[in-house]
Amino acid sequence: MRLIVLGCSGSGPGPGSPASGYLVEAGDACLALDMGNGTFGALQRHVDPWELDAVAFSHLHPDHCADFTSLVVHRRYHPRPPYDPAARPLPVHAPAEAPDRFAAAYAPSAAERAETDLTDVFTFHALTDGGTSDVGAVTLTARRVDHLCEAYGLRVDAGGRSLVYSGDTGPCTALVELARGADVLLCEATWPHVMPEWADEPPTGVHLSGRQAGEHAAAAGAGRLLITHVPAWFDGEELLAEAKAAFDGPVELVAPDCAYEI
């Protein structure tokens, strides 16, 4: 299994990276996890979008899904598609409101929004807590995590290897359970654990600090921790140091266009 980082900037694109988006290659399966602002361009540096077998979205905040509209245009209007996209619609695994959310993002007016239906080139599959889906030889498992909207951590299992992606979440046992024994935990760390803005601990139900990302990896017994989703206004090295202090396994700060063997 191979993980390619399309973008890793938290809360929106930064000066050196698109927002959240990842590509997972496992055997003959090619799966995208999230497609935040700027990631569709990065995707094309690594794979032909027509070769995607599925796309999965952890949640529907723009920094994790905004570039889905570019994928719609690509599949609907490419002048020389390698196959008929209406005959082979691309599976999309996402929170239940994804069809309406993506139609609203794509349509330029209220009138067109009322008539927009993206199922001509996509099939939508609603994520559920504990639900599983197969994408070729890959098994995708979702767990509901603690964020400001319906959000899921995603686990990818293939060929005896496992990758868990936190999506966006505050501290929660569901992420620990999902990541139990995983080879790699790709985990958000959005802010420092200690800041003058909060008295004792970071707020719950939003994001993880670097320290909390390390604590979740340790509690899950993950083999390796990859830190992502660092906003442009925070220092990734500071969050990396926090994670290393809480987790004694290998820890890295991911970078756009880098590939990681799982």
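Is R211 buried, partly exposed or exposed, and what is its relative accessible area? I opened the predicted model with that in mind. R211 has a relative accessible area of 33%. I count R211 as partly exposed because buried means under 20% and exposed means over 50%.

**Entry: the R211 pair**

I looked for a charged partner next. The side chain of R211 meets that of E215 in a salt bridge, at 3.3 Å from N to O. Both residues sit in helix α7, 4 residues apart, so about one helical turn separates them. I noted the general rule here: with 3.6 residues a turn in an α-helix, residues three or four places apart point the same way. E215 is partly exposed too, at 35% relative accessibility.

**Entry: the rest of α7**

I then turned to the buried positions of α7. They are G210, Q212, A213, G214, H216, A217 and A220. What do these buried residues pack against? I found four elements: α6 (173–178), β11, β12 (225–228) and α8 (236–246). After the helix comes G221, and its phi is positive, near 70°.

**Entry: S209, ahead of the helix**

I stepped back to S209. This serine lies in the loop that runs between β11 (184–188) and α7 (210–220). Is S209 buried or exposed? S209 counts as buried, because its relative accessibility is 0%. I listed its contacts, leaving aside neighbours within four places in sequence. The list holds A189, W191, P192, H193, P202 and E242.

**Entry: salt bridges across the chain**

I searched the whole structure for salt bridges. How many are there? The search gives 11. I followed up a few of them.

E177 and R143 join through their side chains, with 2.9 Å from N to O. This pair ties together distant parts of the chain: E177 belongs to helix α6, R143 to strand β8 (residues 138–144), and their positions lie 34 residues apart in the count. I checked the cover on E177. E177 is partly exposed, with a relative accessible area of 41%.

D183 and R161 form another salt bridge, at 3.2 Å from N to O. Again distant parts of the chain are linked, with the two residues 22 apart. D183 is in the loop between α6 and β11, while R161 is in strand β10 (residues 161–165). R161 comes out as partly exposed, at a relative accessible area of 35%.

I went back to the R211 and E215 bridge, whose partners are 4 residues apart in helix α7. Elsewhere, salt bridges that share partners join R2, E25 and E261 into one network.

**Entry: a charged surface patch**

Which residues gather in a patch of negative charge on the surface? I noted D28, D48, E51 and D53. I picked D48 for a closer look. D48 lies in the loop between α1 (39–46) and β4 (54–56). D48 is partly exposed, at 35% relative accessibility. A patch residue needs over 30% relative accessible area, so D48 passes that cut-off.

**Entry: E115**

My last stop was E115. E115 is placed in helix α5 (residues 110–115). Its relative accessible area is 69%, so I count E115 as exposed. I also took a distance from E115 to Y152. Their C-alpha atoms are 29 Å apart, and the two residues are separated by 37 residues along the chain.

Conventions: Residues numbered from 1 in each chain as written. Predicted model: local features only at pLDDT ≥ 70, side-chain atom pairs only at ≥ 80, totals over all residues. Heavy atoms only, no water. Patch = residues over 30% accessible without salt bridge, like charges linked within 9 Å, V, L, I, M, F, W, Y side chains within 5 Å. Areas by Shrake-Rupley, 256 points an atom, 1.4 Å probe, with all protein chains shown as cover. Salt bridge = Lys/Arg side-chain N within 4 Å of Asp/Glu carboxyl O. Lys, Arg positive; Asp, Glu negative; His and termini not counted. Charge placed at Lys NZ, Arg CZ, Asp CG, Glu CD. Buried < 20%, exposed > 50% of the residue type's maximum accessible area, 1.4 Å probe, protein only. Contact = heavy atoms within 4.5 Å.
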